[in-house]
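Please look through the structure shown here, following the strands to begin with and turning afterwards to the helices and to some individual residues.

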Amino acid sequence: MVPGTGLLTTSLGGAAISSSSHLPHHDSKGPTHSSMQSGPRLGALATRASWNANLPIHKLPAELLLEIFKYFIPRTTTLLPPSSSLFWIKLTGVCRLWHDLIHSATYFWRDIVVGESTSFLDIALPRARQAPVGLWVQRSASLGAITPRLQEHAGHVTQLSLPSMVPATQQRAYDDILEIPLPSLTTLSAGSYEFHVTCQLHDNFYPQLRRLWLRNFSLSWAPSLLANLRYLQLNDCLLHDPLPLSAILDVLEQGQHLEVLTLQGFLVNACQSGSVVGGERIVVLPKLKDLCVWEPVDCIDQFIKHVRLPEHGYINIIGTPHVDDMDGLSATYTSLLPHNRGEPSDVRFLKAAREAELTVWDELNTFTLGAYGSLEVRVSFESEDTQWDWWIDEGISQFAVLLSGASLVSLTLTGVLDRVALGTWNALLETFHGLQELTLQARPSAVYGHDYAFADFPDEALLSLGERRIGPGDGDGDGSELGISVRCPKLKRLVVSNWEYCPEAVDIVLANLQSRAQGSAERLEALSLDAKFEDAEEREEARARYSAALDALVDHFDHFC
């Protein structure tokens with residue numbers, strides 16, 4: 001580009017080329033003031049064009065330029081649409097060489113976001129030629145206008161994402177698109193929450209299909225649907241005819257290539273009411289590494305015990321409990337996991353857990369487990385208008401039993417922790433005797449509203465940590481020696497956050513640390529007391545009163561920061 005002129009220049013074969021479309025008009029009747037100036041001006045432009053042509057960037061091979069240009073293309077995943085920004089298209093206005101390179105490179109035209117206008121679709125499809133193309137159709141698009149274009153280029157469309165929020169007036173056009181055979185399609189995302197999609201999904205139309213995400217769809221649960229899939233997500237889908245759970249498992253077992261499986265509101269609609277599976281049948285999906293099941297608790301209780309969970313990757317189990325059975329099966333963590341009644345720790349990933357977080361507060365009731373990065377597990381109850389504050393003591397008790405076989409080194413608890421009884425804290429901390437990190441995130445009761453952001457200090461937790469007991473000593477004998485011990489003697493880091501400051505709470509922390517020192521516990525490496533103060537003056541008073549004493553008992557104290 002010649003600076004300040006709008007001329008496009010490039011170097012092809014070492015010669016500078018410029019566009020004459022912006023040159024001044026010469027009147028045939030004779031020279032004018034403008035034309036008299038055009039000679040020097042054109043000379044200057046030619047000099048600039050020659051200088052531009054010799055810039056180092058114009059000496060780069062075309063292949064290297066294209067590799068650089070690729071960084072301007074928005075990144076995309078297989079199911080989520082790319083950014084609709086076409087910032088990279090500005091590169092075509094720099095010079096003719098760049099313009100021609102981008103126009104001829106098919107991968108600039110392969111990911112197409114279709115909105116209200118089809119103009120970019122009309123430009124991109126021909127330029128993509130026979131290269132694989134992905135279409136992400138937005139809610140504002142006219143499906144009827146897309147259909148003939150999709151039919152014309154059906155042979156090289158590999159990804160198709162249809163909008164989930166489409167007015168019912170476009171239902172017929174939606175069905176028409178799904179009636180188009182797409183022999184190269186590998187990824188399909190379809191289904192509208194505005195209407196129920198009832199057209200038949202012909203798996204023979206998509207012989208290369210590997211990733212399938214359906215929403216609010218009626219489908220036939222056939223082995224051919226799952227045979228080649230790597231990714232399957234079904235949200236609020238139905239079967240044309242509900243089946244017994246055993247028949248659903250029969251078809252699921254054909255998904256031997258499945259790596260990701262998500263079922264949300266599918267089992268409750270697809271299974272015949274009261275359907276159960278007897279015996280010890282287990283469906284093994286050997287490549288499964290990501291499993292998400294979001295269903296009513298009773299559906300999960302029947303389904304999950306017959307599917308072998310992945311040992312590496314991610315497990316997310318979300319149960320919807322029955323409101324009238326909150327004290328029964330519907331509100332037990334074991335109902336969301338494969339189990340032998342009374343022996344929940346037989347689940348291998350429970351024993352492998354090293355890090356855990358439990359949140360029981362407001363509408364949240366969830367725990368996550370980690371085993372040194374090889375597997376992450378999230379288990380939760382999801383129920384609208386259910387307040388779990390009252391359940392915190394029960395939740396911690398169940399949690400301790402569920403993970404009784406695990407050797408946790410890190411634990412985070414969130415909730416109205418001042419409601420937890422001392423006996424519950426004792427059982428929890430004795431179960432996880434080897435803890436090295438403990439984080440207590442206090443929360444106020446939801447009945448006070450979310451504007452009341454700070455909670456009471458969890459006194460009982462600190463009293464339990466500091467309690468000295470007579471127990472096995474650390475002698476060199478057979479372990480029968482008795483000595484003074486405390487719970488979690490290897491604790492290195494303690495965090496107590498989001499509590500309303502009061503001196504009595506800090507006094508309890510001091511007594512806890514002194515008692516632990518006398519009980520042969522290791523010295524804390526870090527202590528964090530994240531409290532709410534009335535004002536800066538109260539904070540400074542607390543620092544003056546306690547910092548020296550706390551600094552003497554721990555390696556690092558955050559000084560109420």
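**Parallel strands and their neighbours**

In this predicted model, strands S5 and S6 pair in the parallel sense, with 3 bridges between them. Within this pairing, Ser-161 stands opposite Ser-189 in S6. The pairing continues from S6 (residues 187-190) to S7 (residues 211-215), where 4 bridges join the two strands, again in the parallel sense, and where Thr-187 has Arg-211 in S7 as its bridge partner. S7 in turn runs parallel to strand S9 (residues 231-235), to which 5 bridges join it, and in this case Leu-212 has Leu-232 of S9 as its bridge partner.

How do the side chains of S6 point, and are they buried or exposed? In a regular strand the side chains alternate between the two faces of the sheet. In S6, Thr-187 and Ser-189 point one way, whereas Leu-188 and Ala-190 point the other way, and all of these residues are buried.

A residue of the neighbouring strand can be followed in the same manner. Thr-158 lies in strand S5, which spans residues 157-161, and its relative accessibility is 15%, so that Thr-158 counts as buried, the cut-off being under 20%. Leaving aside residues up to four places away in sequence, Thr-158 touches Pro-132 and Val-133 as well as Ser-184, Leu-185, Thr-186 and Thr-187; the last of these, Thr-187, is also the residue of S6 whose bridge partner in S7 is Arg-211.

**Helices: a buried face and two crossings**

Helix H3, which comprises residues 96-104, has Leu-97, Trp-98, Leu-101 and Ile-102 as buried residues. Seen down the axis of H3, the buried residues fall within an arc of 120°, and they therefore line one face of the helix.

Helices H5 (residues 143-152) and H6 (residues 171-178) have axes that come within 9 Å and cross at roughly 15°. Because angles under 35 degrees count as roughly parallel, this crossing makes H5 roughly parallel to H6. H5 passes H6 in a left-handed crossing, and the contact is made by Leu-143, Gly-144, Thr-147 and Leu-150 on the side of H5 and by Ala-173, Tyr-174, Asp-176 and Ile-177 on the side of H6.

Another pair of helices is formed by H14 (residues 459-466) and H15 (residues 503-518), whose axes come within 8 Å and cross at roughly 15°. H14 and H15 are therefore roughly parallel to each other, and their crossing is left-handed. To this contact H14 contributes Asp-459, Leu-462, Leu-463, Leu-465 and Gly-466, while H15 contributes Ile-508, Val-509, Asn-512, Ser-515 and Arg-516.

**Two residues with positive phi**

Which backbone angles deserve a closer look? Most residues other than glycine have a negative phi. Asn-498, although it is not a glycine, has a positive phi of about 70°. Asn-498 has its place in strand S21, which covers residues 493-500, and with a relative accessible area of 16% Asn-498 is buried.

Ser-520 is likewise not a glycine and has a positive phi, of about 65°. Whereas Asn-498 is in a strand, Ser-520 is found in the loop between H15 and strand S22 (526-532), and the reader can thus return from Ser-520 to H15, the helix whose axis comes within 8 Å of that of H14.

Definitions and conventions: Residues numbered from 1 in each chain as written. Predicted model: local features only at pLDDT ≥ 70, side-chain atom pairs only at ≥ 80, totals over all residues. Heavy atoms only, no water. Pairing = 2+ DSSP bridges. Buried < 20%, exposed > 50% of the residue type's maximum accessible area, 1.4 Å probe, protein only. Arc of directions from axis to C-beta. Contact = heavy atoms within 4.5 Å. Axes fitted to C-alpha atoms, helices over the stretch in contact; angles between N-to-C directions. Parallel < 35°, antiparallel > 145°, perpendicular 65-115°, else oblique. Left-handed = near helix turned anticlockwise from the far one by under 90°.
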